[in-house]
Amino acid sequence: SISHECPRAVSIVLGDLGASNKKLERYCKLYADRQCSVIAAVSPPIRFMLNRSLRSTAMDILKETIIILKNTPTSTPLVMHSFSNGGAFLLEQIENILMKQDDDDSSFSVEDLQLIATRLKTGYQFFDSCPCYIRTAWDFSNFGASFPNQSWSSVGQNAYTLSASWSLTAWCACTLSLHRPHQFWNTMQISDVCLNQIYMYTTADMLSDAAAVDRLIEERRRKLDANITVYRYDDSNHCQLLTDKS
């Protein structure tokens, strides 16, 4: 973590799966250079790949965040920046804790959770190359639009989407988590933990369904009246936008 005595904001940076320390430091520098205190983390790769709970990592992040927030003015906002689903899965777990979805969870006081929730209401969430829609083999909704990059032929697009969906289905089946795609996307659609959001993504992303993110943004604006800023590009690949556009 990086701390400032009087930070402009407290930032939680949730790196993409397998992000190196050097890459994570580069992400953190974006905020540290702007006089922000930063807490950074990545999903444990093995637990992520096995579709196991990331609660322990999420709790460590929240504990450190609470310590920093308690030493900042009440006007200091909280920012959460997620990269790919490695970051988005961690974000989902953090939100579950904030919404007290674990009935037996007594790890945090009500006051501590309210502190984070209040600061997040005045801050924002930044989604970078995420959330990535997890399409299973039996999910044919908006199938034709799931690969917006028009540089490929329709045959190539459909073949890629089909092979990717079967791979994701195999992953969910092998980890006994066929419910996971719906659970994750539902959280991304209905969460009201923070209604100030920024989405940065590209139609050239080979790992994320840009059209699904388009629909997600429309849904959140319609149902939650969310304050959403969109940066949608047609170049760059997965998690490369900050490098290519800065």
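1. Let's start with Arg 232 and Asp 214, whose side chains meet in a salt bridge at 2.8 Å, N to O (a salt bridge being a side-chain nitrogen of Lys or Arg within 4 Å of a carboxyl oxygen of Asp or Glu). Arg 232 sits in strand S6 and Asp 214 in helix H8, so this pair ties together parts that are 18 residues apart in sequence. Helices (H or I, at least four residues) and strands (E, at least two) are DSSP runs, numbered from the N terminus. Arg 232 is partly exposed, with a relative accessible area of 38% (buried is under 20%, exposed over 50%, partly exposed in between, using a 1.4 Å probe and protein chains only).

2. A word on the ground rules. This is a predicted model, where local features need pLDDT of at least 70, side-chain atom pairs count only at pLDDT 80 or more, and totals for chains, interfaces and linings use all residues. Residues are numbered from 1 along each chain as its sequence is written, and side-chain values use heavy atoms, with hydrogens and water left out.

3. Back to S6 (residues 227-233): this strand pairs with S5 in the parallel sense over 7 bridges (pairing requires that DSSP finds at least two bridges between two strands). Arg 232 turns up again here, as the bridge partner of Tyr 201. From S5 the chain crosses through helix H8 (residues 210-224) to S6, in a right-handed β-α-β crossover. Right-handed here means that, with the strands pointing away from the viewer, the path from the first strand over the helix to the second runs clockwise.

4. S5 (residues 196-202) is mostly covered, with 6 of its 7 residues buried. S5 also runs parallel to S4, joined to that strand by 4 bridges. Have a look at Phe 126, which stands opposite Ile 198 in S5.

5. Helix H8 has a salt bridge of its own: the side chains of Glu 219 and Lys 223 meet at 3.0 Å, N to O. The two are 4 residues apart in the helix, so about one helical turn separates them. Their surroundings are worth checking too: Glu 219 is buried at 17% relative accessible area, whereas Lys 223 is exposed at 52%. Elsewhere, salt bridges that share partners join Arg 135, Asp 139 and Asp 209 into one network. The structure holds 9 salt bridges.

6. Within that network, the side chains of Arg 135 and Asp 139 meet at 3.7 Å, N to O. Arg 135 lies in the loop between strand S4 (124-128) and H6. Both partners are covered: Arg 135 counts as buried at 5% relative accessibility, and Asp 139 is buried at 13%. The side chain of Arg 135 also reaches the backbone oxygen of Asp 139 at 3.0 Å.

7. At the surface, Phe 140, Leu 162 and Trp 166 make a nonpolar patch of about 360 Å². Patches are built from residues with over 30% relative accessible area and no salt bridge, joining like charges within 9 Å and nonpolar side chains (Val, Leu, Ile, Met, Phe, Trp, Tyr) within 5 Å. Trp 166 belongs to helix H6 (residues 154-174) and counts as exposed, at 53% relative accessibility.

8. Finally, the other end of the numbering. Strands S1 (residues 10-15) and S2 (residues 37-42) run parallel and are joined by 6 bridges. Ile 12 stands opposite Ile 39 in S2. Here the chain goes from S1 through helix H1 (residues 21-32) to S2, and this β-α-β crossover is right-handed.

Methods. Accessible areas come from the Shrake-Rupley method with a 1.4 Å probe; for residues, only the protein chains shown count as cover. A polar contact is a pair of N or O atoms within 3.5 Å; within protein, one must be able to donate a hydrogen and the other to accept it, and residues adjacent in sequence count only if both atoms are side-chain atoms.
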